[in-house]
Amino acid sequence: MSDVSNKNMKMTPQRIAIMKYLDGNTAHPSAADIYVALQEQFPTMSLATVYNTMETLKQQGAVVELSIDPGKKRFDPNTQPHHHLICIKCKTVLDIFVDFPLPLSDRETGGFQILGNRVDFYGICKTCGDTPREMIQTNR
Ligand SMILES: [Zn+2]
Ligand SMILES: [Zn+2]
């Protein structure tokens with residue numbers, strides 16, 4: 001398959017299924033997560049198809065790519081400005097819809113017009129915090 005045909009992506013059943021899976025999804029899934037979730041429905045769909053679809057959706061502004069998880073790209077179908085709370089153990093990502101006024105002086109911005117910000121909070125979620133240490137270690 002040539003690269004050109006990829007650019008004109010049609011609404012394939014796989015793509016519709018991916019968009020449906022992402023609709024209202026607050027888990028911030030990676031391409032691999034989406035691939036696994038849709039395996040049963042589309043056994044012949046490849047991980048590359050999911051990657052390509054996510055790339056297209058990102059370019060169209062339908063999803064936001066997050067770089068908060070160093071292991072993999074995560075995608076957020078909620079394109080409204082919001083912040084994230086990230087568990088460093090299980091990589092759970094929660095949304096925070098609070099405005100953080102982070103005033104920068106003119107000296108710091110140098111005339112730069114600030115349109116928004118994105119704040120990532122790192123920590124340990126309640127589930128991981130409640131898990132005894134031995135269990136976390138055997139989980140590796
Ligand atoms: Zn956790
Ligand atoms: Zn989010």
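# Notebook: helices, a sheet and two unusual loops

**Entry 1: T127.** I began at T127, which sits in helix α6, residues 126-130. This is a predicted model, so I read everything below as computed from it. Is T127 buried or exposed? I found 11 other C-beta atoms within 10 Å, and since a residue with 12 or fewer counts as exposed, T127 is exposed. I then looked back along the chain to C90. T127 and C90 are separated by 37 residues in sequence, yet their C-alpha atoms are 9.0 Å apart in space.

**Entry 2: the overall layout.** Next I stepped back to see the whole chain. I listed seven helices and five strands for the protein. Reading along the sequence, I wrote the pattern down as α-α-α-α-β-β-β-β-α-β-α-α. How much of the protein is buried? Of its 140 residues, 13% count as buried. I also checked the contacts with a separation of 6 or more: 49% of them join residues 24 or more positions apart.

**Entry 3: the sheet.** My next stop was the open sheet, which has three strands in the order β4-β3-β5 and mixed pairing. Which strands are at the edges? They are β4 (93-96) and β5 (120-123), and each of these pairs on one side only. From one strand to the next, I get an average twist of 20°.

I took the two pairings in turn. Strand β3, residues 83-87, runs parallel to β5, and four bridges join them. Going through the partners, I found L85 opposite F121 of β5, and I86 opposite Y122 of β5. As a reminder to myself, side chains in a regular strand alternate between the two faces of the sheet. On the other side, β3 and β4 pair in the antiparallel sense, also over four bridges. There I noted H83, whose bridge partner in β4 is I96.

**Entry 4: the hairpin and K91.** I followed the chain from β3 into β4. These two strands make a hairpin with five residues between them. K91 belongs to the loop between β3 and β4, and what caught my eye was its positive phi of about 65°, although K91 is not a glycine. I made a note of the background: most residues other than glycine have a negative phi. Where does K91 stand between buried and exposed? It has 17 C-beta neighbours inside 10 Å, so K91 counts as partly exposed.

**Entry 5: H28, another positive phi.** I came across a further non-glycine residue of this kind in H28, with a positive phi of about 50°. H28 is in the loop between α2 and α3 (31-38). Its surroundings are crowded enough to pass the cut-off: 20 or more other C-beta atoms within 10 Å make a residue buried, and H28 has 23, so H28 is buried.

**Entry 6: α2 against α4.** From that loop I turned to the helices. Helix α2 (residues 13-22) and helix α4 (residues 47-59) have axes that come within 11 Å and cross at roughly 65°. Angles of 65 to 115 degrees count as roughly perpendicular, and α2 and α4 are therefore roughly perpendicular to each other. The crossing of α2 over α4 is right-handed. Which residues make the contact? On α2 I wrote down Q14, R15 and I18, and on α4 T49, V50 and T53. Sorted by class, the contact between α2 and α4 holds two nonpolar, three polar and one charged residues.

**Entry 7: α3 against α4.** I then tried α3 on α4. Their axes are 9 Å apart, and the packing angle is about 125°. That angle makes α3 oblique to α4. I logged this crossing as right-handed too. In the contact, A31, A32, I34 and Y35 of α3 meet L47, V50, Y51 and M54 of α4. What classes do these residues fall into? The contact of α3 with α4 has eight nonpolar residues, no polar and no charged ones.

**Entry 8: one residue to come back to.** Before closing, I marked V50 of α4 for another look. I have V50 in the contact with α2, and V50 also appears in the contact with α3.

Notes: Residues numbered from 1 in each chain as written. Chains lettered and ligands numbered in written order. Predicted model: local features only at pLDDT ≥ 70, side-chain atom pairs only at ≥ 80, totals over all residues. Contact = placed C-beta atoms within 7 Å. Axes fitted to C-alpha atoms, helices over the stretch in contact; angles between N-to-C directions. Parallel < 35°, antiparallel > 145°, perpendicular 65-115°, else oblique. Left-handed = near helix turned anticlockwise from the far one by under 90°. Nonpolar A, V, L, I, M, F, W, Y, C, P; charged D, E, K, R; others polar. Pairing = 2+ DSSP bridges.
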